[in-house]
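Got the viewer open and ready? Let's take a walk through this model, one selection at a time.

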Amino acid sequence: MKKFVMAAIGGTLAGFVATTQIAGPLLAQESARNTNVYEQLDLFGDIFERIRSQYVEEVDESELIEAAIDGMLSSLDPHSSYLSPEDAEAMRVQTRGEFGGLGIEVTQEEGFVKVVSPIDGTPADEAGIEAGDFITHVDGESVLGLTLDAAVELMRGPVGSEIVITVVREGEDEPFDVSIIRDTIKLTAVRARTEGDTVVLRVTTFNDQTTPNLEAGLAEQVEAAGGIDNVNGIVLDLRNNPGGLLTQAIKVSDSFLEKGEIVSTRGRDPEDGERFNATPGDLAQGKPMVVLINGGSASASEIVAGALQDHRRAIVVGTKSFGKGSVQTVMPLRGDGAMRLTTARYYTPSGRSIQALGVSPDIVVAQPRRQPTAEEEDTPTRPRSRSEADLRGRLSNDSLTEDEIRQIEADRAKAEAAARLREEDYQLAYAIDILKGLTALGGEE
């Protein structure tokens with residue numbers, strides 16, 4: 001017993017000595033680091049005073065401070081930034097679904113402004129701006145070297161005013177100018193319609209309106225179809241959706257999942273990590289789903305696509321998404337300003353991060369850019385091919401009733417509508433064809 005006690009004391013003493021030997025240098029390093037930080041803050045104060053007193057022109061001191069703060073934040077990553085009181089209010093308005101501008105979500109890459117996606121029905125969308133476009137000049141002024149917020153500020157202006165942006169696009173040999181008239185952007189978060197027997201839910205953004213719009217739109221289409229049994233599936237169209245509120249991404253995912261993890265977030269401190277799980281209830285009542293994504297699908301869109309894909313609740317179709325796998329927290333600051341700071345990465349239910357990788361679709365389907373050739377434009381429309389039904393004196397089909405003939409004609413009209421849709425939106429038509437195939441297979445079981 002005496003030996004055990006001595007051993008314990010010896011271990012305690014050894015631990016004390018080791019702690020002293022290790023902690024001493026660590027404390028010294030921390031003290032040196034703090035001293036260095038204070039020296040740099042003194043340096044900042046010195047530079048600030050010299051600019052204020054010796055710069056060739058008089059400067060606005062508050063603008064200098066704001067620029068310094070924004071520079072500090074924007075040096076971290078493309079999504080962290082300082083929001084002036086005006087910008088903070090504009091962001092709050094945007095999440096409510098109405099704001100002024102061009103209608104594009106942008107980020108910064110290699111010093112230029114890159115379009116994440118245009119928003120449906122906005123001036124930028126109608127002017128032909130595409131996801132992946134680079135904006136190099138605004139009204140002839142280069143944006144190279146500007147912060148993202150400064151570049152965005154150049155694009156703002158009174159509703160009804162004109163702006164000319166210079167665009168560099170992959171596949172185009174030369175930059176080209178696009179003229180856009182600024183307007184008030186009123187977002188319809190979800191547009192619902194029915195194509196054949198398929199309900200298409202086009203989600204354009206994730207704001208406070210998204211989940212209510214989704215629920216109401218789906219219910220309206222199901223009622224018009226005469227009940228969920230008359231619907232063969234749901235297409236959730238997230239193409240060119242730049243994201244938005246994390247809470248809305250979770251709610252939309254939960255709308256189609258009965259259980260399981262939707263997304264998890266992990267910050268710098270492991271204890272700050274969060275997991276968000278689905279609750280019972282599926283708006284689609286188990287009907288098959290296809291999610292459409294492309295390079296303009298970012299952030300919240302990727303959370304939804306990743307969750308439904310990992311749980312095998314939906315087939316993801318399209319092209320690789322944008323790859324924004326981080327979460328920004330907006331923190332109010334004194335003076336009504338705010339700070340947008342990247343505070344966590346998010347992970348899909350399988351534990352994968354899509355940061356800089358994106359969500360890979362289960363079936364890769366590119367949207368072809370179809371432009372009529374000069375020959376097609378000059379060639380008159382060909383008459384449709386003739387069939388037996390066009391021949392004079394043809395024999396009638398006496399094996400079918402009038403109701404059966406009407407059904408065949410209705411089915412043919414649906415097929416022709418589907419063919420027209422392939423010309424207008426090949427990816428969506430492909431998604432609908434998948435749901436038709438799944439329904440046909442289900443009917444044979």
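## First stop: a buried arginine

Start by selecting R202, which counts as buried at 9% relative accessibility. Keep in mind as you look around that this is a predicted model. Now add D120 to the selection: R202 forms a salt bridge with D120, and their closest N and O atoms are 2.6 Å apart. This pair links distant parts of the chain, with R202 in strand 11 (residues 198–203) and D120 in the loop between strand 4 and helix 4 (123–126), 82 residues apart. Unlike R202, which is buried, D120 is partly exposed, at 21% relative accessibility.

Don't stop at two residues. Select D120, R191, R202, D237, R239 and D425 together, and you have one network, joined by salt bridges that share partners.

## Zoom out

Pull back to see the whole chain. How many helices and strands does the chain have? There are eleven helices and 19 strands. Of the 445 residues, 35% count as buried. Among contacts with a separation of 6 or more, 66% are between residues 24 or more positions apart.

## Helix 8 and the core around it

Next, pick helix 8, residues 300–310. Ten of its eleven residues are buried, so helix 8 is largely enclosed by the rest of the structure. Colour the buried ones to see who they are: A300, S301, E302, I303, V304, A305, G306, A307, L308 and Q309. To see what covers them, switch on the surrounding elements, which include strand 12 (233–237), helix 7, strand 13 (261–267), strand 15 (289–293), strand 16 (314–318) and strand 18 (338–347). Just past the helix, have a look at R312, whose phi is positive, near 55 degrees.

Stay here for the largest nonpolar core, which has 39 residues. Helix 8 provides the largest share of this core, six residues. Which residues have the most contacts inside this core? They are L236, F256, V291 and L308.

Click on L236 and show its neighbours. Leaving out residues up to four places away in sequence, L236 touches L201, V203, L214, F256, M289, V290, V291, L292, V304 and L308. Another core, of 19 residues, lies apart from this one; V115, V138, V152 and V178 are among its members.

## A glutamine tucked away

Now for helix 7 (residues 246–254), where you'll find Q248. Is Q248 buried or exposed? Its relative accessible area is 5%, under the 20% cut-off, so Q248 counts as buried. Show its contacts and you'll find F206, N207, D208, T210 and T211, not counting residues up to four places away in sequence.

## The second largest pocket

Turn on the pockets and pick the second largest, with a volume of about 1500 Å³. Its lining has 47 residues, and E130, A131, N240, N294 and G295 lie nearest its centre. Colour the lining by type and you get 13 nonpolar, 14 polar and 20 charged residues.

Which elements each supply at least two residues of that lining? Strand 3 (104–109), strand 4 (112–118), helix 10 (402–424) and helix 11 (426–444) do. Strand 4 gives the most, with four residues.

## More salt bridges

The structure holds 18 salt bridges, so there are others to visit. Go to helix 1 (residues 2–54) and select D46 and R50, which are four residues apart, about one turn of the helix. Residues three or four places apart in an α-helix point the same way, because there are 3.6 residues a turn. The side chains of D46 and R50 meet in a salt bridge (3.5 Å, N to O). D46 is partly exposed, at 35% relative accessibility.

Then hop to R52 and E61, whose side chains also meet in a salt bridge (3.1 Å, N to O). R52 counts as partly exposed at 36% relative accessibility, and E61 is partly exposed at 36% too.

## Last stop: two loops

Finish with a pair of backbone angles. Select D139, a residue other than glycine with a positive phi near 50 degrees. D139 sits in the loop between strand 5 (134–138) and strand 6 (141–142), and is partly exposed at 47% relative accessibility.

Then jump to A356, in the loop between strand 18 and strand 19 (363–364). A356 is not a glycine, yet has a positive phi of about 65 degrees. Is A356 buried or exposed? With 60% relative accessibility, A356 counts as exposed.

Note on methods: Residues numbered from 1 in each chain as written. Predicted model: local features only at pLDDT ≥ 70, side-chain atom pairs only at ≥ 80, totals over all residues. Heavy atoms only, no water. 1 Å grid on protein atoms, 1.4 Å probe; cavity = no way out; pocket = protein on both sides within 12 Å on 5 of 7 lines; lining within 4 Å. Points joined across faces, edges and corners; volume = space filled by probe spheres on them. Nonpolar A, V, L, I, M, F, W, Y, C, P; charged D, E, K, R; others polar. Core = buried A, V, L, I, M, F, W, Y, C linked by side-chain atoms within 4.5 Å. Buried < 20%, exposed > 50% of the residue type's maximum accessible area, 1.4 Å probe, protein only. Contact = heavy atoms within 4.5 Å. Salt bridge = Lys/Arg side-chain N within 4 Å of Asp/Glu carboxyl O.
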